[in-house]
Protein chains: 2
Amino acid sequence: MASQGSTRQPKYQRIADALKVAIRSGEYGPGDRVPGENDLMATYEVARMTARQALGVLQNEGLVEARRGAGVFVRSFRIRRRRGIQRLAQGQWGSGRSIWSADIDDRELVVDQIDVGEQEADSRIAGALGISPGSRVWVRSRRFVLEGKPVLFATSYLPSDIVADSAITRPDTGPGGVYARLAELGHEPVHFREEVRSRMPSVDDAERLSLSPGTPVIQIVRTAFAEGGRPVEVNDMTLDSASYVLEYDFDAR
Amino acid sequence: MASQGSTRQPKYQRIADALKVAIRSGEYGPGDRVPGENDLMATYEVARMTARQALGVLQNEGLVEARRGAGVFVRSFRIRRRRGIQRLAQGQWGSGRSIWSADIDDRELVVDQIDVGEQEADSRIAGALGISPGSRVWVRSRRFVLEGKPVLFATSYLPSDIVADSAITRPDTGPGGVYARLAELGHEPVHFREEVRSRMPSVDDAERLSLSPGTPVIQIVRTAFAEGGRPVEVNDMTLDSASYVLEYDFDAR
């Protein structure tokens, strides 16, 4: 299977394509080691740089990841299904369970970092909450870990004039979490908007989520509205894209 | 503002951070040229390689893009709002602005490529449509362009036993498009599921969507269900992440 330069594609690209076909067909399954530089050099009779470029293509597309000293492995997409809509049904949080419980299949999503404090809203958050820039907001930052791997970093902003002195200003918000407390305060969320984007991680994102190279993040900004249309929470979430599929189910009418 | 090596961060990272602050504050707005290698070398008294690495950080995060011979520019995110759930996205929840509202530009999408044909469903598509692998499906591939820039590539799969001989098998499906024709055929879509992921582009994706380096894609797989739960269409969409924000609006109950 030595390459004879018969097509227009560069050699490393043809090798990468062959490896991709082998991964897609299941010849190399999730977690399997794929041929390394030395193997590719021998099989395709190419220079080390060409073999390295071929593996680089797969790595950049997020299909494989290099583990130092061990080789290059097919990425295991142990993805979590995040249901945008069912999990926000009132029954989920009205009955005293955390809003995140619908996310948990068999594995446990655990908060391993939490930071709660009050600050002034910048213009972006103030605009989203419909308040004046500089107004006070409570900010809750949490990192969520799945089997030791950080997968989600979420920062919620809530207007101080609504949540001051409530359990929302404490690390432990009590049964049912933030939405149950908002309901008790007379600002029950009845409508949600989720805005979803994708981008490459910042250095902070990559550190917080321990991202492999070539892994984008999904950013979800969720706004919770109370009856009458007042925004009562903006939650800015950053997700490891290799760990998540977002699901939205809805009727046509 | 020469760097004195006073912190643990590498120099290029500190320069990149300073440029990011300047971009976020609006000192450099969308489309503005940011300082180039020569400017950074003079301002920060660093080597060319350090200046290049600093600009590389911004480019990898998708904040800037290099234009050959012209310099490095702040990326203009002229993003398009894609509303997943039209009926709930009306003005009644308007008191909180979209966090990206300043960037959003609801312009017309144009189809510039269309390809329609019949083929056998592979196991992935057959599974999604609830049919046997190898069953015939009609496949409609379309590329959508926004002001000359390709932003979306969509491939729809529809079971041949439903759509054979209908306008769905022709490039022009007529008024109301595929869903109107499905309704006429007695298979009106009444429920939708969208599954959303993010990943780095394949070589094909990058070519089809003319993606800048460092730009991930969003993949949306949309399944349309008829009354009774039969899947009647699977639409596999690849979106330029720099061009899109997805919006999902829904009620708590």
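**Where chain B meets chain A**

Trainee: How many residue pairs are in polar contact between chain B and chain A?
Mentor: Keep in mind that this is a predicted model. So that weak spots don't sneak in, a pair is counted if both residues are at pLDDT 80 or more. Between chain B and chain A, that count comes to 14.

Trainee: Which element supplies the largest share of the side of chain B that touches chain A?
Mentor: Start with the elements of chain B that each give at least two residues to that side: α1 (11–24), β8 (189–199), β9 (217–226) and β11 (244–251). The largest share is eleven residues, and the strand behind it is β8(B).

Trainee: Which residue is the bridge partner of A:Leu246?
Mentor: A:Leu246 belongs to strand β11 of chain A, residues 244–251. That strand pairs with β8(B) in the antiparallel sense, over six bridges. Look along β8(B) and you'll find the partner, B:Val196.

Trainee: Which residue of chain B meets A:Arg193 in a salt bridge?
Mentor: The rule finds two salt bridges across this interface. A:Arg193 takes part in one with an N to O distance of 3.6 Å, and that is within the 4 Å cut-off, so it counts. Its partner is B:Asp249.

Trainee: What area do chain B and chain A bury between them?
Mentor: The size of an interface is often given as the accessible area lost when the parts come together. Here the contact takes 50 residues from chain B and 59 residues from chain A. Carbon and sulfur atoms hold 55% of the buried area, and the total is about 4,600 Å².

Terms used
Residues numbered from 1 in each chain as written. Chains lettered and ligands numbered in written order. Predicted model: local features only at pLDDT ≥ 70, side-chain atom pairs only at ≥ 80, totals over all residues. Heavy atoms only, no water. Contact = heavy atoms within 4.5 Å. Buried area = accessible area lost by both parts, 1.4 Å probe. Salt bridge = Lys/Arg side-chain N within 4 Å of Asp/Glu carboxyl O. Polar contact = N/O pair within 3.5 Å; in protein donor to acceptor, adjacent residues only side chain to side chain. Helix = DSSP H or I, 4+ residues; strand = E, 2+ residues; numbered from the N terminus. Pairing = 2+ DSSP bridges.
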